[in-house]
Amino acid sequence: MAAFVCNVLIAYVVYMFCRVAYVLENWDIFSAGWERLNLCDVLAGGLRFDTAAIAYTLMPYAALMLLPLPLVWRLRPTYQLVCKWLFVVANALAVVLNLCDAVYSQYTGRRTTSSFFSEFQNDGNLMQILGVELLHHWYLVLLGVAIIALVWVVYRRPHVAVPDAVHGKKIWREIVFDVLVFGIAVTLTIGGMRGGFSKAIRPIANSNANQYVNSPQEAAIVLNTPFSIIRTIGKTAFADPHYFDAEELDAIYTPLHPPVADGPMLKRNVVVIIVESLAEEYIGYYNPPSHTPFLDSLIARSLTFSHSYANGRKSIDGMPSILSSIPMFIEPFFVTNYSLNRVSGLAGELSHEGYTTAFFHGAENGSMGFQAFARATGFQRYYGRTEYDADTRFGGERDFDGTWAIWDEPFLQFYATTMSDMQQPFMTAVFTASSHHPFVVPEAYRDSLHLEGHPMHTCIRYVDMALRRFFATAQQQPWYDSTIFVITADHTNISEHDLYLTDIGRYRVPVIFFDPSGTLPVGTLQGTAQQIDIMPTILGALRYNRPYIAYGKDLLHPSKGDDWAVNYNNGIYQYVEGDYLLQHDGTTIKAFYNLATDPLMQHNLKAQPEVQQRLSEMERRLKAIIQSYMQRMIADDLVIGY
């Protein structure tokens, strides 16, 4: 028994080492709020989640060690060796998952969940990417090897004494003791998995980590990756919160957009450019100095907004948000059971009006589930790496970046020329790939575009050049002047400025509408835009004459109070309205900030009397958005029947 307890304590030490490594690897993210953290709360929360993870992962080991089995079994060296291997392998997996996540979560902003395996199930280059990361983070590899080796060395093998019972004496004391110990172990294991023994406690989930920290992104400190993965396996993401009855809900918020009744539809082409990781932080128009001279000049001739946000932190969050006006709540829409719902989007709606539609992505066909989602939402054609390689006008396999996709410069040229072969009016979207880990650009540009600092900035300079060349080609096409262009990002990436390291700052992306004909207004409007606003804004600009479902708002025809954005961050809903930000866990208010006077979110105003009315109004609106989303997902009510 003593050896078992000692080994369990070793597991706790392993998780502690991994947590320290995680924090140090992500220190730029956590350092700003470190002084305001209550370390006792963080340690208590970490202990709670580590206990749950250890209870899950060491269950086979504990069963073999503590089951009331015949003594002659437990005395065998082979039996004890199996126990040791179970213990070491379980902890080795925990070490690998935690240390890998120390790197991967820099791009996602949260601990990895089981959805990771669904996200990348169609990508065959993960082993190559993993190999690159092992080289770049060799110190974490060495740390992991050292921890695993130490576990093997310090593992304590139990000393099983031969009791008198073996020599023919009574054995009832041994049986009672074994059964008692096993019963206690089962009770403690269940309590550890649940996060406590109180009847009021439901099994803890990732969102419970927020009670120990001040901001959603800090929840990753308290969590561990094995728990985060285990507790999200096979979970149903959505549940109706029943905040309001049906009549009250529709009065507060509805995603149903009625037809625009101010004239015949304008059948102009629509081109949506989703730029991988194009954070607002990198664009000089918003945040000098600039890495994007071309985009800066284009934005000066476009419509953009003083505040604009992504609705998720991953590529698979961006596509539904931008093209179907579906935000990411709880888990990416792609990997939930509700991805099988009937769902429309810009392509599907415009197809009803005779549009030709196509989606372009230079990665392997099927990568990230984009091809499946594109087809489900009404895109008639899909152009991926297969189609690019088959087009003899371009470089084919020579233009592959070696990791993810065709380089952006040639693929955007392919995009521009392929659209010239399509019948107008058309609606197309392209998802770029080059501004992505491992942060490299074609050999021909590595000197001319190189920039000191993070290599991501060099990638952004390359993408900006590729976009300049794309628009130079597009200007020469017959469809250019009758096209509305939308440029945005799927999500943000590496951040260096304090403003973009906050809970909401990590969602700041551009939302740009460029109209060569000059029909749309030009300039920076004071207001809040988000990815899910793109679909209703475009349909409004075209005077689309059918009802449809979209969770965003029409930025060109706003209703009273339509100055908001919403996203979901590590168990916390973030709702921006005007200058204020509300953070809510679906049950209670966690924080309330004035972003105009406190952009770094250092002063929580939720207890201040003067903001209570505004806070209450915003909470009511947020709850209505959440409930409408959950109800329609569950009921498969995302499309208006014709």
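**Setting values against cut-offs**

Trainee: Why is Trp138 called exposed?
Mentor: Trp138 has a relative accessible area of 52%. Exposed means over 50%, buried means under 20%, and partly exposed lies in between (1.4 Å probe, protein chains only). The 52% is over 50%, so Trp138 counts as exposed.
Mentor: A word on the model. It is predicted: local features need pLDDT of at least 70, side-chain atom pairs count only at pLDDT 80 or more, and totals for chains, interfaces and linings use all residues. Residues are numbered from 1 along each chain as its sequence is written, and side-chain values use heavy atoms, with hydrogens and water left out.

Trainee: Why is Tyr139 called partly exposed?
Mentor: Tyr139 has 36% relative accessible area. That value falls between 20% and 50%, so Tyr139 is partly exposed.

Trainee: How many aromatic pairs does the whole structure hold?
Mentor: The search finds 45.

Trainee: What makes Trp138 and Tyr139 an edge-to-face pair?
Mentor: Rings of Phe, Tyr and Trp (its six-membered ring) pair if their centres lie within 6.5 Å; planes under 30 degrees apart are stacked, over 60 edge-to-face, and the rest tilted. Here the centres are 5.7 Å apart and the planes stand at 85°, so the pair is edge-to-face.

Trainee: Why do Phe359 and Phe370 get the label edge-to-face?
Mentor: Their ring centres are 6.3 Å apart, within the limit, and their planes stand at 75°, so the label fits.

Trainee: Where do these two residues sit?
Mentor: Phe359 is in strand β4 (residues 356–361) and Phe370 is in helix α17 (residues 370–376). Helices (H or I, at least four residues) and strands (E, at least two) are DSSP runs, numbered from the N terminus. Both Phe359 and Phe370 are buried.

Trainee: How do you know that Arg546 and Glu353 form a salt bridge?
Mentor: The rule asks for a side-chain nitrogen of Lys or Arg within 4 Å of a carboxyl oxygen of Asp or Glu. Their N to O distance is 2.9 Å, so the pair passes. The two residues are 193 residues apart in the chain.

Trainee: Is Glu353 buried or exposed?
Mentor: Buried: its relative accessibility is 14%, which is under the 20% cut-off. Arg546 has 25% and counts as partly exposed.

Trainee: What makes Glu577 and Arg614 a salt bridge?
Mentor: The N to O distance is 3.5 Å, and that is within 4 Å, so the pair counts. Glu577 lies in strand β12 (residues 572–577), Arg614 in helix α22 (residues 612–635).
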